[in-house]
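Here are a few friendly exercises on aromatic rings and the protein surface. Have the structure open, try each task, and then compare your reasoning with the worked solution.

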Amino acid sequence: MATFEEGTARHRSAGMLKRNALGLWDVVFMAVATSAPITAMGGNLPVGVGFGVGTGAPATYIWATMILSVFAVGYVAMARHVTSTGAFYGFISRGIGRVPGLGAGYMVTFSYSVFEGAIIGIFAYFARNTLANQVGIEVPWLVCALVGLVAIAVLSYFEINVAAKVLTVLLLTEIAILGVMALAVLVQGGGPDGLMPEVLDPAGAFRPNGIAVASIGLAMFIAFWSWTGFESTVMYGEESRNPKKIIPIATMIAVTGVGVFYIFVSWMTIAGNGATESIRLSTSADPLQLFFAPTETYVGHWAVVVMEWLMITGSFACAMAFHNAASRYGYALGREGLLPRILGRTHRRHHSPYVASGLQTLVAVMWLCGFAAFDKDPYLDVFVLLAVLGTFSLLIVQTITMAAVFRYFTQHHPEENIWRTKVAPVVGGLAMAAVVALMIDNLDTAAGPAASSLLFKMVPYISAALFVWGAAQALYLRRSDPLKYETIGHVVLADDAHGAVVLDEDKDAGPDLDQTTDRVRR
């Protein structure tokens, strides 16, 4: 029988992520980077104001903060007991079963993969326009996109704390410029209508508030869309210090911190412009003026220039965060042999999932070149279509996860608090199901002109196909390779954080390391 150290060494050689590389704030910033505050505010708030619920848009962020906080309570309750790069995939596999778990695993892997292409699309849009307006250089958007992808690929090749440091710097700068604008409006007492505290009335999310007809569903969907990626904290558990403590805290900070920031910035943006002007700018040919106008008035032209550049770096940071997320899902499925096992390899020195990362870069390049070949717009087509495609699958997986959390705790850890393990998953699951309904009802509106494309019409069928593919593979393995079937979603970090082991579904202790290593390698 092998010793513990020998078993751990064998598993590391098969592909281990870098242990103890990330602290609490590293994980927080990497998760918040996927939400991309400056991109979320700049791209989503004008839609909520101009076409959703008018000046009541900040109220939609209040509702989203409350609902996602409840979701996060159940989510992190399971994260305290299951530490896995597979995150949603692992939770659903252990809570409901391996068959739906693998189906959901393919859905969420696909979601994060297309999110990188979506965000690089808006990165290219910002870069092309800013270079033209401020430098006088005309650069094709595809060139900007490919440069961004190459930079992300290089940074992701190294150990995770390199990407964490870059993301932290970029995230802090975008938060700073939005915060400066918002604080300037607050200190100077707001615009023509004062500070407008009435926009914070939660009931405002259900009224038109200055526009002809309210689209409550669209406004709510857009608000929830602004948090996409906060849940990625869990997938960094295997690379963080004391993950069972850090990951739950980081998740709650990411949810509530982003929520408070969105509420404050959206409030001050509307207050700085005034009610009528906010609606006019949001429906204009350049909706980014909703932010540029108050920044110019209350801070100065220099801040507008800086904000334009930070929209480039902010979207770059977001794309890199999603690249890391997609790479880790590919790595998790690869090390279990469900995707080609080469994806489960990590760099011998940096312990980064460099093979999965390289494949993710190639996939993103193919998406972008495909759109460019058909002369599509980087914002209206690349960003919108791929974001809708990814969000459709992700929100469904989030809803299934709440059912998985509830069922997991009906069978395990009876000592856990009933609020975290029973009430929060039910409330969070029902709320997320309502969000999915809103998404389906407003998907064509959110897609705008791109709603007429073939890819948009295929969105639900692509998601269904991914789930069926994963479920069918799991059913096949259950009969043809029971040992590999057992590993589906069950490779997790040992409690002592020395290595990844396969846990039996009804036990908290891993099997013999020789058996574990054999199973992982199958």
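**Exercise 1.** Find which residues are linked into a cluster by ring pairs.

*Solution.* Keep in mind that this is a predicted model. Follow the ring pairs from one residue to the next: Phe-71, Tyr-75, Phe-88, Phe-91 and Phe-230 are joined into a cluster. For the wider setting, the model has a count of 24 aromatic pairs.

**Exercise 2.** Classify the ring pair formed by Tyr-157 and Tyr-354, and work out how many residues apart in sequence are the parts it ties together.

*Solution.* Start with what is needed: a pair of aromatic rings is described by the distance of the centres and the angle of the planes. For Tyr-157 and Tyr-354, the centres are 6.2 Å apart and the planes stand at 85 degrees. Planes over 60 degrees apart count as edge-to-face, so this pair of tyrosines is edge-to-face. Next, place the partners: Tyr-157 belongs to helix α7 (residues 141–157), while Tyr-354 belongs to helix α14 (residues 354–373), so the contact ties together parts 197 residues apart in sequence.

**Exercise 3.** Decide whether Tyr-157, Tyr-354 and Phe-158 are buried, partly exposed or exposed, and name the surface patch they help to make.

*Solution.* Buried means under 20% relative accessible area and exposed means over 50%. Tyr-157 has 35%, so it is partly exposed. Tyr-354, at 30%, is partly exposed. Phe-158, with 33%, is partly exposed; this residue sits in the loop between α7 and α8 (160–187). Together with Val-150 and Val-154, these residues make a nonpolar surface patch of about 420 Å². Helix α7 supplies the largest share of this patch, three residues.

Note on methods. Residues are numbered from 1 along each chain as its sequence is written. This is a predicted model: local features need pLDDT of at least 70, side-chain atom pairs count only at pLDDT 80 or more; totals for chains, interfaces and linings use all residues. Side-chain values use heavy atoms; hydrogens and water are left out. Rings of Phe, Tyr and Trp (its six-membered ring) pair if their centres lie within 6.5 Å; planes under 30 degrees apart count as stacked, over 60 as edge-to-face and the rest as tilted. Helices (H or I, at least four residues) and strands (E, at least two) are DSSP runs, numbered from the N terminus. Buried means under 20% relative accessible area, exposed over 50%, partly exposed in between (1.4 Å probe, protein chains only). Patches are made of residues with over 30% relative accessible area and no salt bridge: like charges are joined within 9 Å, nonpolar side chains (Val, Leu, Ile, Met, Phe, Trp, Tyr) within 5 Å. Accessible areas come from the Shrake-Rupley method with a 1.4 Å probe; for residues, only the protein chains shown count as cover. A salt bridge is a side-chain nitrogen of Lys or Arg within 4 Å of a carboxyl oxygen of Asp or Glu.
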